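Here is a friendly walk through a structure, with its sheets, its ligand and its cysteines as the main stops. Please keep the model open beside the text as you read.

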Amino acid sequence: MSERGPAGPALSWQVCARCGKELPVSSPRSQCPACGGLLEVEHRPPALGPETTLREIFAARRGGSGPLDASGVWRFRELVLPDAREEDVVTYPEGNTPLLSRGAVSRWAGIESLLLKHEGMNPTGSFKDRGMTVGMTQARRVGARAVACASTGNTSASLAAYASTAGLPALVFVPAGQVALGKLAQTLAYGAKTLLVRGDFDACFALVREAAEKLNVYLLNSINPFRIEGQKTIVLETLEQLSFEPPDWIALPAGNLGNTSAFGKALREARELGLITRLPRLACIQAEGANPFARAFREGFTRPHRVKAETVATAIKIGDPASLDRAIAALRLTDGVVTDVTDEEILEAKAVVDASGAGCEPASAASVAGVRRLVAEGVIRPGQRVVAVLTGHILKDPGLLLRYHQETDPPPSRANRPIEIDANLSAVEEVLGASRP
Ligand code: F0G
């Protein structure tokens, strides 16, 4: 019996993106049992009264005090997981992140109106919390005995925090010696069992998939379709902040391609539900040393690429992205583009974003560096409205910050060297004098 469709009882179900096989929403599988394809969650369109619109429902919940309405994920629940019961939901709350305007960043990127959607303002400092609240809720709903993920650091920090909130044991696999300090510290402190794998992210991911399958642990990487449902709200919330007048472009850093997939799905559904009538174009930005998606894009997606990844932006140091097919669909839907930027461009963009007061982690700065590159190439026009997503907080990677500002010799052009002084006023005066124009 199919659980799908208006005649059936289910509000949501899962469907294989490759072969179309349907599974109930309660299936804990991480991929299609028939063909191994990735799963997606589908929902019945919300039943609305003649006088009510989704926009009004979302707006009325904003700033609400109940646990669901207070979350920038769950206040969009009709599009996320409509049948979730409040007692099952694991939330901080998360989301409700600012859309910032910083003149210095706009000028550097060459855009008149560049807006920064700051996802680093989530409870564990990255956009991962938006997917994790839904993934952890689903883990509870399916009665998982433990949860696991492979990670470059942010997913593991988020999973560790939400697992502790839910009271579930957590197992994380991270590449030894390649995780930014803040992320590793968070993961340990929130209490996840943390495995430092001698290998890269791609090796961690292969291992966690096998472990989840054989050891009956619930997998919470972004191939998990419930994570994607949560991450869609980055787009929904941005559209809401723009009064549902879509920007011309949304730029985001791209690694394992879960977020690109989520953005595509959010935009498709927003249009289907009449929230918007026009789609923004997606601009996915990779690091030059970790650019399998950019390579595939340049060849018209005729074949997948796999690279040995190397970049200072460790969050997106991924050579074999898991959600490639879903991300290609998102690119085609939105007439999107993929480009890559050098580590030097990422570091310069980061220094500009940081010095503007907004601040972000290195991978996040790739989106701003990518906008500048696409403006220079004439792909984005300076007068267009662009939103760049800052995916993680400035404090995620303090090691890189200290190297850049304090240790690199000769100092990079935007380095802000600390000044050691004797403990007296004349030393302070001397510094002040030196910095006067
Ligand atoms: N930005 C940051 C800060 C990230 O942590 C990630 C991914 C991305 C961008 C790319 O998103 O993988 O959906 O394309 N971090 C994962 C992790 C891989 O384990 O934390 P994606």
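Two strands pair if DSSP finds at least two bridges between them, and both helices (H or I, at least four residues) and strands (E, at least two) are DSSP runs, numbered from the N terminus. With that in hand, look at I250, which stands opposite V387 in β13.

A word on conventions comes next. This is a predicted model, in which local features need pLDDT of at least 70 and side-chain atom pairs count only at pLDDT 80 or more, while totals for chains, interfaces and linings use all residues. Residues are numbered from 1 along each chain as its sequence is written, and side-chain values use heavy atoms, with hydrogens and water left out.

## The six-stranded sheet

The pair I250 and V387 belongs to the contact between β10 and β13, which run parallel and are joined by 3 bridges. Both strands sit in an open sheet of 6 strands with mixed pairing, in the order β4-β5-β13-β10-β11-β12. At its edges are β4 and β12 (337-341), each of which pairs on one side only. From one strand to the next, the twist averages 25° (axes are lines fitted to C-alpha atoms, for helices over the stretch in contact, and angles run from 0 to 180 degrees between N-to-C directions).

The table lists pairings in this sheet, with one bridge partner pair for each.

| Strands | Sense | Bridges | Partner pair |
|---|---|---|---|
| β4 (residues 99-101) and β5 | antiparallel | 3 bridges | L99 and K117 |
| β5 and β13 (residues 385-390) | parallel | 6 bridges | K117 and V389 |
| β10 (residues 249-253) and β11 | parallel | 5 bridges | A251 and A283 |

K117 appears twice: this residue of β5 is the bridge partner of L99, and K117 also stands opposite V389 in β13.

How much of strand β5 is buried? Here buried means under 20% relative accessible area, exposed means over 50%, and partly exposed lies in between (1.4 Å probe, protein chains only). In strand β5 (residues 113-118), 5 of the 6 residues are buried, so the strand is largely enclosed by the rest of the structure. Strand β11 (residues 281-287) is also largely enclosed, because 6 of its 7 residues are buried.

## The three-stranded sheet

Another open sheet is made of 3 strands in the order β2-β1-β3, with antiparallel pairing. Its edges are β2 (22-24) and β3 (39-43); each has a single partner strand, so one side of each is left without a neighbour in the sheet. The twist here averages 35° from one strand to the next. Strand β1 (residues 12-16) and β2 run antiparallel and are joined by 3 bridges, and W13 has P24 as its bridge partner in β2.

## Around the ligand

Now turn to the ligand, which is surrounded by 20 residues; the closest are S151, T155, G255, N256 and T391. A residue counts as near a molecule or strand if one of its heavy atoms lies within 4 Å of it.

Several backbone atoms face ligand oxygens. A polar backbone atom of N256 is 2.7 Å from an oxygen atom of the ligand, and for G255 the corresponding distance is 2.8 Å. In G258, a backbone N or O atom lies 3.1 Å from an oxygen atom of the ligand. Of the 470 Å² of accessible area that the ligand has on its own, the protein covers 98% (Shrake-Rupley method with a 1.4 Å probe; for residues, only the protein chains shown count as cover).

T391 lies in the loop between β13 and α13 (398-407). Its relative accessibility is 7%, so T391 counts as buried. The T391 side chain also makes a polar contact with the side chain of S364 (2.9 Å). A polar contact is a pair of N or O atoms within 3.5 Å; within protein, one must be able to donate a hydrogen and the other to accept it, and residues adjacent in sequence count only if both atoms are side-chain atoms.

## Cysteines

How many disulfides are there? Taking a disulfide as a pair of cysteine sulfur atoms within 2.5 Å, the count comes to 0. The sulfur of C35 has its closest cysteine sulfur in C16, but the distance is 3.5 Å, too far for a bond. C35 is partly exposed, with a relative accessible area of 29%. C284 is in no disulfide either, and the nearest cysteine sulfur, that of C360, is 17 Å away. C284 is buried, at a relative accessible area of 0%.
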